[in-house]
2 protein chains.
Amino acid sequence: MSTIFGNRLRTFREKLQIPQRKLASVLEIDTATYCKIEKGDRRAKREQVVTLAELLQTDAKELLRLWSADKVYDLIADEDEAAQILNVVAENITHYKRQKSKI
Amino acid sequence: MSTIFGNRLRTFREKLQIPQRKLASVLEIDTATYCKIEKGDRRAKREQVVTLAELLQTDAKELLRLWSADKVYDLIADEDEAAQILNVVAENITHYKRQKSKI
DNA sequence: CTAAATTTGCCAAATAACGTCAAGACAAAA
DNA sequence: TTTTGTCTTGACGTTATTTGGCAAATTTAG
């Protein structure tokens with residue numbers, strides 16, 4: 001499992017010298033669960049990401065981006081044409097946005 | 001749900017004038033299930049995509065790419081920074097590949 | 001209209017993801 | 001060495017999601 005997100009979490013947390021226990025309690029989850037989130041064994045909930053951004057004094061949007069990226073990464077990391085897949089998605093995303101803006 | 005993949009399936013199938021019933025029977029699934037795959041209500045299995053590529057006389061890699069893209073699309077289509085998310089993933093994918101090739 | 005093809009809603013089974021507990025590793029402090 | 005605090009891991013039961021099929025409805029073609 002990917003750790004783009006979890007690693008960032010850990011970096012920020014260590015910089016602020018906050019124990020996992022502390023963040024876990026604010027999120028109202030077990031320290032084991034929080035540990036797994038950092039390690040990429042469990043997925044944080046969107047809500048939790050926002051809370052974590054506050055606690056770690058970082059930009060929520062940025063953190064959410066990594067959080068999403070993690071999920072995408074896990075989905076295609078094993079594919080040998082991962083990069084091309086991203087291109088296909090990118091094309092379709094922009095197409096959609098164009099349509100949407102016309103309405 | 002996305003239909004990047006399903007639409008392609010349908011296009012090819014109609015071009016060859018094959019009824020869903022036929023493809024479904026080769027895949028050994030219900031026609032309803034196959035229908036849902038084309039509509040994007042169900043996900044085809046990787047194996048099935050390969051089989052479908054044969055039946056529809058098209059490139060399996062290409063079809064698999066769309067199949068994967070569909071999954072990614074569904075994951076991030078609702079995000080307002082979808083495009084940026086893809087960039088993050090792309091960076092991490094290439095990083096990984098660089099490392100891998102060094103080994 | 002009739003028949004074939006496609007689509008939909010719903011269900012039960014299978015699968016995946018979840019959170020917690022208990023046990024353990026590790027390092028720093030006593 | 002024993003203790004203390006932090007982090008990590010595996011196993012387990014629970015919950016959520018996904019799956020395939022059936023039956024019924026709808027659409028399409030002849």
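Chain A and chain B bury about 2,600 Å² between them, and 69% of that lies on carbon and sulfur atoms. Buried area here is the accessible area, taken with a 1.4 Å probe, that two parts lose on being put together, summed over both. Before I continue, please note that this is a predicted model, in which local features need pLDDT of at least 70 and side-chain atom pairs count only at pLDDT 80 or more, while totals for chains, interfaces and linings use all residues. Residues are numbered from 1 along each chain as its sequence is written, chains are lettered from A and ligands numbered from 1 in the order in which they are written, and side-chain values use heavy atoms, with hydrogens and water left out.

Let me stay with the two protein chains. In this interface, 28 residues of chain A are in contact with 28 residues of chain B, where contact means heavy atoms within 4.5 Å. The rule finds seven salt bridges across the interface; a salt bridge is a side-chain nitrogen of Lys or Arg within 4 Å of a carboxyl oxygen of Asp or Glu. K61(B) and E81(A) meet through their side chains in a salt bridge, at 3.9 Å from N to O. There are also four residue pairs in polar contact between chain A and chain B, both residues being at pLDDT 80 or more. A polar contact is a pair of N or O atoms within 3.5 Å; within protein, one must be able to donate a hydrogen and the other to accept it, and residues adjacent in sequence count only if both atoms are side-chain atoms.

Which elements of chain A give two or more residues to the side that touches chain B? They are α5 (60–76) and α6 (82–102) of chain A. Helices are DSSP runs of H or I with at least four residues, strands are runs of E with at least two, and both are numbered from the N terminus. By class, this side of chain A has 17 nonpolar, three polar and eight charged residues. In that scheme Ala, Val, Leu, Ile, Met, Phe, Trp, Tyr, Cys and Pro count as nonpolar, Asp, Glu, Lys and Arg as charged, and the others, Gly among them, as polar.

I4(A), in helix α1 of chain A, touches residues of both chains. Not counting residues up to four places away in sequence, I4(A) touches L66(A), A69(A), D70(A), Y73(A), V88(B) and N92(B). I4(A) counts as buried because its relative accessible area is 15%; buried means under 20%, exposed over 50%, and partly exposed in between, with a 1.4 Å probe and protein chains only. I4(A) and S68(A) are 64 residues apart in sequence, and their C-alpha atoms are 9.6 Å apart in space.

I turn now to the DNA, beginning with strand C. This strand is surrounded by 18 residues, of which D30(A), K36(A), R10(B), Q20(B) and R21(B) are the closest. A residue is near a strand if one of its heavy atoms lies within 4 Å of it. Of the atoms of DNA strand C that come within 4 Å of the protein, sugar and phosphate account for 52%. A polar backbone atom of D30(A) is 2.7 Å from a phosphate oxygen of this strand, and an N or O atom in the side chain of R21(B) is 2.6 Å from a phosphate oxygen. K36(A), by contrast, has a side-chain N or O atom 2.6 Å from a base oxygen of DNA strand C. The largest share of the surface near this strand, five residues, comes from α3(B).

What of DNA strand D? Here 17 residues lie around the strand, and R10(A), R13(A), Q20(A), R21(A) and K36(B) come nearest. The side chain of R21(A) places an N or O atom 2.6 Å from a phosphate oxygen of DNA strand D. R42(B) has a side-chain N or O atom 2.8 Å from a base oxygen of DNA strand D. With four residues, α3(A) gives the most to the surface near this strand. That surface divides into five nonpolar, two polar and 10 charged residues.

I close with E38(B), which lies in helix α3 of chain B. Is E38(B) buried or exposed? E38(B) is buried, because its relative accessible area is 2%. Its side chain makes a polar contact of 3.2 Å with the side chain of Q20(B).
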